[in-house]
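Colleague: I am new to reading protein models, and I would like to learn how to go from a picture to careful statements. Could we take the features one at a time?

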Amino acid sequence: MKKYDQLKLENQICFPLYVSSKEIIRKYKPFLDEVGLTYTSYIVMMVLWEHKEMNVKQLGDNLWLDSGTLTPVLKKMEQKGFITRKRIDNDERKVNITITTTGEELRDKVLDIPSHIFSCTNLDLEEAEMLHKLLYKVISK
């Protein structure tokens, strides 16, 4: 291996991960625009469809996002009526996020999005399952 081969873009693991992520998220946009969500608000909704309520820290832990990133997203989601935000009485620093009926109703409107996105990946089911497993291995703590 030549001295600087490790610095070639084509030899980086991060670059195809970055481009793949960016391109897949871009493919979500037209579907999410129809229902008033961004990709970040979509993944917030995924967590809330499962858990219904949690505080911002728990939500951030689930999504690997900090409160500085989440707060403006959550404010917009609250304005659209998808969630409510409420300070916890015994600790003013903590905010609980709860899905609303309107937020719950979004679930049916986005049900087909994962299959649309999968069809854009050029992967078969076995490859997708392997990629999923490997990516979670990469991000495991």
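Modeller: Let us begin with how elements get their names: helices are DSSP runs of at least four residues, and they are numbered from the N terminus. With that in hand, Ser 41 can be placed in helix 2, which covers residues 39–51. Please keep in mind throughout that this is a predicted model.

Colleague: Is Ser 41 buried or exposed, and how does one decide?

Modeller: A residue counts as buried when its relative accessible area is under 20%, and as exposed when that area is over 50%. Ser 41 has a relative accessibility of 4%, and therefore it counts as buried. If we leave aside its neighbours within four places in sequence, Ser 41 is in contact with Val 73 and Met 77.

Colleague: How would I check the length of a helix, taking helix 1 as the case?

Modeller: The expected span is 1.5 Å times one less than the number of residues. Helix 1 runs over residues 14–33, so its 20 residues should span 28 Å, and the C-alpha atoms at its ends are indeed 28 Å apart, in agreement with that expectation.

Colleague: Where does helix 1 bend?

Modeller: The bend, of about 25°, is at Lys 27, and a proline, Pro 30, follows within four residues.

Colleague: Which residues that are not glycine have a positive phi?

Modeller: Among them is Lys 52, with a phi of about 70°, and this residue lies in the loop between helix 2 and strand 1. Lys 52 has a relative accessible area of 33%, so it is partly exposed. Another case is Asn 122, whose phi is about 60° and which lies in the loop between helix 6 and helix 7. Asn 122 counts as exposed because its relative accessibility is 74%.

Colleague: Which residues make the nonpolar surface patch?

Modeller: For a patch of this kind, nonpolar side chains are joined within 5 Å, and each residue must have over 30% relative accessible area. Here Ile 13, Leu 17, Phe 118, Leu 123, Leu 125, Leu 131 and Leu 135 together make a patch of about 600 Å². Its largest share, three residues, comes from helix 7, which spans residues 125–139. Phe 118, by contrast, sits in helix 6, residues 113–119, and is partly exposed because its relative accessibility is 33%.

Colleague: And how far apart in space are Lys 2 and Leu 74?

Modeller: Their C-alpha atoms are 49 Å apart, while in sequence Lys 2 and Leu 74 are separated by 72 residues. Lys 2 belongs to the segment before helix 1, and its relative accessible area of 65% is why it is called exposed.

Key:
Residues are numbered from 1 along each chain as its sequence is written. This is a predicted model: local features need pLDDT of at least 70, side-chain atom pairs count only at pLDDT 80 or more; totals for chains, interfaces and linings use all residues. Side-chain values use heavy atoms; hydrogens and water are left out. Patches are made of residues with over 30% relative accessible area and no salt bridge: like charges are joined within 9 Å, nonpolar side chains (Val, Leu, Ile, Met, Phe, Trp, Tyr) within 5 Å. Accessible areas come from the Shrake-Rupley method with a 1.4 Å probe; for residues, only the protein chains shown count as cover. A salt bridge is a side-chain nitrogen of Lys or Arg within 4 Å of a carboxyl oxygen of Asp or Glu. Helices (H or I, at least four residues) and strands (E, at least two) are DSSP runs, numbered from the N terminus. Buried means under 20% relative accessible area, exposed over 50%, partly exposed in between (1.4 Å probe, protein chains only). The bend at a residue is the angle between axes fitted to the seven residues ending there and the seven starting there. Contact means heavy atoms within 4.5 Å.
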